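Here are some notes to read alongside the model, written for someone meeting a protein structure early in their studies. Keep the 3D view open and find each residue as it comes up.

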Amino acid sequence: SHRNLELAVIADGSPPHTHDLVRHFAAKDARVRLHVFPKGAGNGDAWRHEVLSAAKADAVAYCGDDDIWGPQHLKALAGLLRDADFAHTRHVMIAPNLAIRAIDETPADAAVRRRMIDELWNCFGPTCAGHRLDAYRRLPDGWSPGPPGVASDLNMWRKFLSQDWVRVASSKAATTLKLASP
């Protein structure tokens, strides 16, 4: 539903057949770009800052390689980011036992925001999150692998949430699906 996009695939130590598949789609659609890197810490975390430094879009959204965006996800995020610097839709996941869980908390609530900054606790993963690129570039520090014991997405969210100027928006709409990791 949102066609004005650039799809940057960070191939973080992925096998050559993955590169071939992305190149196949890139040959058909100029919006698809492949960024090949050696395996770094985390899941491409070591390379996200480099890719974002060269990005030209107004906003950035993330999708884990084992997750799904629904057809309205980017449109929903774009709407939220009109009046916010950092946004997310509802985090919905399917557990290995096929149980479905949705999380309602949001850092738009000051208490939740404080908890995400102070505790090892997160209420959404990268697949349902997005931010304005100009806001990202105002941060003192960009993407990097998290310190020991801190997931890289929570580490990044803290960089946004600890800034007084960051405006946060959220939607209870379920526009993504986090699948159980192997």
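The points below go from the whole chain to single residues.

1. **What you are looking at.** Please keep in mind that this is a predicted model. Turn it around and pick out the secondary structure: the protein has ten strands and six helices. Several of those helices will come back in the points below.

2. **Overall dimensions.** How does the radius of gyration fit with a compact globule? A compact globule of 182 residues would have a value near 16 Å, and the protein has 16 Å, so the two agree. Along the principal axes, the C-alpha atoms fill a box of roughly 45 × 40 × 35 Å.

3. **Inside, outside and charge.** Of the 182 residues, 39% are buried. The exposed area of the protein comes to about 10,100 Å², and 55% of that is supplied by carbon and sulfur atoms. As for charge, there are 23 positive and 21 negative side chains, and the centres of these two sets lie 4 Å apart.

4. **Contacts along the chain.** Take the contacts between residues at least 6 apart in sequence: 70% of them join residues at least 24 apart. When you follow the residues below, compare the numbers of the partners as well as their places in space.

5. **The largest nonpolar core.** In soluble globular proteins, nonpolar side chains tend to be buried together. Here the largest nonpolar core has 27 residues, and the members that touch the most others are F86, M116, F124, Y136, W157 and F160. Helices α4 (110–118), α5 (133–138) and α6 each give this core at least two residues. Which element supplies the largest share? That is α6, with five residues. Another core, of six residues, lies apart from this one and includes L80, A84, A87 and A169.

6. **M116 and I117, side by side in sequence.** M116, one of the core members with the most contacts to other members, is a good residue to click on. Beyond its neighbours within four places in sequence, M116 is in contact with P107, W121, N122, C123, F124, L154, W157, R158 and L161. I117 is in helix α4, and it counts as buried because its relative accessibility is 19%, where the cut-off for buried is under 20%. Outside its sequence neighbours within four places, I117 is in contact with R158, L161 and S162. For a sense of distance, D65 is 52 residues from I117 along the chain, and their C-alpha atoms are separated by 26 Å.

7. **K159, a buried lysine.** Is K159 buried or exposed? With 12% relative accessibility, K159 counts as buried. Its place is helix α6, residues 152–161. Leaving out residues up to four places away in sequence, K159 touches L139, D141, G142, W143 and S144.

8. **H19 and V22 in helix α1.** H19 is in helix α1, residues 16–28, and V22 lies in that helix too. H19 is buried, with a relative accessible area of 11%, and V22 is buried with a value of 11% as well. Beyond four places in sequence, H19 is in contact with A11, S14, L34 and V36, while V22 touches V9, V32 and L34. So what about spacing? The C-alpha atoms of H19 and V36 are 7.8 Å apart, with their positions 17 residues apart in sequence. V22 and H35 are 13 residues apart along the chain, and 9.9 Å separates their C-alpha atoms.

9. **R132, partly exposed.** R132 is in strand β8, residues 129–132. Its relative accessible area is 24%, so R132 is partly exposed. Not counting residues up to four places away, R132 touches D58, A59, L81, A84, D85 and R167; A84 is among the members of the six-residue core. D20 is 112 residues from R132 along the chain, and their C-alpha atoms are separated by 30 Å.

10. **L98, a loop residue to check.** L98 sits in the loop between β6 (91–94) and β7 (100–103). L98 is not a glycine, yet it has a positive phi of about 75 degrees. With 68% relative accessibility, L98 counts as exposed.

Conventions
Residues are numbered from 1 along each chain as its sequence is written. This is a predicted model: local features need pLDDT of at least 70, side-chain atom pairs count only at pLDDT 80 or more; totals for chains, interfaces and linings use all residues. Side-chain values use heavy atoms; hydrogens and water are left out. Helices (H or I, at least four residues) and strands (E, at least two) are DSSP runs, numbered from the N terminus. The radius of gyration is taken over C-alpha atoms; the globule rule is 2.2 Å times the number of residues to the power 0.38. Buried means under 20% relative accessible area, exposed over 50%, partly exposed in between (1.4 Å probe, protein chains only). Contact means heavy atoms within 4.5 Å. Accessible areas come from the Shrake-Rupley method with a 1.4 Å probe; for residues, only the protein chains shown count as cover. Lys and Arg count as positive and Asp and Glu as negative; His and the chain ends are not counted. The place of a charge is taken as NZ of Lys, CZ of Arg, CG of Asp or CD of Glu. A nonpolar core is a set of buried Ala, Val, Leu, Ile, Met, Phe, Trp, Tyr and Cys residues joined through side-chain atoms within 4.5 Å.
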